[in-house]
Amino acid sequence: MPRYVAFLRGINLGNRRLPMSHLKELFEELKFDDVKTFIASGNVLFSTRSKDTRSLESKIAKHLEKSLDYNVDTFVRTLDEVVAVGTAKIFPEEGRDGISIYVSFLQEKLPADIAKKLAALRTPHDELHVTDREFYWLCRIKSNESKIWTSAEMKALKLPTSTMRNLTSIRKLIAQHKA
């Protein structure tokens with residue numbers, strides 16, 4: 001049976017606090033098997049016979065909105081896709097002190113013109129790289145000190161909703177699943 005990871009946007013931020021045990025129960029209500037949560041930031045591993053990630057995203061989002069009374073943007077990847085994200089070596093600086101790499105999950109591939117403009121955005125502290133339904137951000141300073149996300153060029157792109165994870169967390173998720 002295929003194994004998936006749902007990355008949920010905005011879980012456990014602000015007023016959206018819920019125990020991971022409750023989140024697990026909500027996924028089990030959808031008749032998913034072997035449901036596990038990973039850290040308290042909206043990462044849920046599960047198995048189901050379905051092979052349509054777009055349908056799974058919609059099904060999960062609708063159920064969570066009905067159950068929690070707020071919209072939860074949902075991004076589903078097969079476990080193989082998550083492993084590919086976690087093992088990709090996008091930036092040569094990876095692993096150096098002071099370097100953080102994040103990955104943003106999108107529901108659909110960015111249009112080519114937007115992807116090109118996003119990848120071209122950079123500062124002395126930031127670089128971006130676009131792949132299929134993800135983009136990677138290399139940050140050479142503390143992420144909360146970066147100005148790239150508030151730049152006029154970034155705002156002009158009007159990117160679709162995404163959810164971002166530290167690549168270190170993705171790799172820990174992979175390692176936990178393989179253990």
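# Close-up views of a predicted model

**View 1. F38 stands opposite N43 in β3.** Welcome to the hairpin. The model is a predicted one, in which local features need pLDDT of at least 70 and side-chain atom pairs count only at pLDDT 80 or more, while totals for chains, interfaces and linings use all residues. Residues are numbered from 1 along each chain as its sequence is written, and side-chain values use heavy atoms, with hydrogens and water left out. β2 and β3 are antiparallel partners over 4 bridges; two strands count as paired if DSSP finds at least two bridges between them. Between β2 and β3 of this hairpin come 4 residues, and I39 in the turn has a positive phi of about 40°. Strands are DSSP runs of E with at least two residues, and helices are runs of H or I with at least four, numbered from the N terminus.

**View 2. Four strands make an open sheet in the order β2-β3-β1-β4, with antiparallel pairing.** At the edges, β2 (33-38) and β4 (74-78) each pair on one side only. From one strand to the next, the twist averages 20°. β1 (residues 3-8) pairs with β4 over 5 bridges, and β1 also pairs with β3 over 5 bridges. A6 is a handy residue to centre on: its bridge partner in β4 is V76, and in β3 its bridge partner is V44.

**View 3. β3 is mostly covered, with 5 of its 5 residues buried.** Buried means a relative accessible area under 20%, exposed means over 50%, and partly exposed is in between (1.4 Å probe, protein chains only). In a regular strand, side chains alternate between the two faces of the sheet. Here N43, L45 and S47 point one way from β3, and V44 and F46 point the other way.

**View 4. Helices α1 and α6 lie across the sheet.** α1 (residues 20-29) crosses β1, β2 and β3 (43-47) and runs at about 150° to β2. α6 (residues 167-178) also lies across β1, β2 and β3, at about 145° to β2. Axes are lines fitted to C-alpha atoms, for helices over the stretch in contact, and the angles run from 0 to 180 degrees between N-to-C directions.

**View 5. Helix α2 (residues 53-68) spans the length expected of it.** How far apart are the end C-alpha atoms of α2? They are 22 Å apart, which agrees with the 22 Å expected for 16 residues; the expected span is 1.5 Å times one less than the number of residues. At the start of α2, the backbone nitrogen of R54 has a side-chain oxygen of D52 within 3.1 Å. The buried residues of α2, including L56, I60 and L64, pack against β1, α1, β3 and β4. Just after α2, D69 has a positive phi of about 65°.

**View 6. E134 is buried, with a relative accessible area of 8%.** This glutamate lies in strand β7 (residues 134-139). The side chains of E134 and R77 are joined by a polar contact of 2.6 Å. A polar contact is a pair of N or O atoms within 3.5 Å; within protein, one must be able to donate a hydrogen and the other to accept it, and residues adjacent in sequence count only if both atoms are side-chain atoms. Setting aside neighbours within four places in sequence, E134 has contacts that include R77, V85, F105 and H129, where contact means heavy atoms within 4.5 Å.

**View 7. The structure holds 14 salt bridges.** Each is a side-chain nitrogen of Lys or Arg within 4 Å of a carboxyl oxygen of Asp or Glu. R9 and D73 form one of 3.9 Å, N to O. R9 sits in the loop between β1 and α1 and D73 in the loop between α2 and β4, so the pair ties together parts that are 64 residues apart in sequence. Both are partly exposed: R9 at 40% relative accessibility, D73 at 22%.

**View 8. E81 and R133 form a salt bridge, with the closest N and O atoms 3.3 Å apart.** E81 lies in helix α3 (residues 79-87) and R133 in the loop between β6 (126-130) and β7, so the pair ties together parts that are 52 residues apart in sequence. Which of the two is buried? R133 is, at 11%, whereas E81 is partly exposed at 30%.
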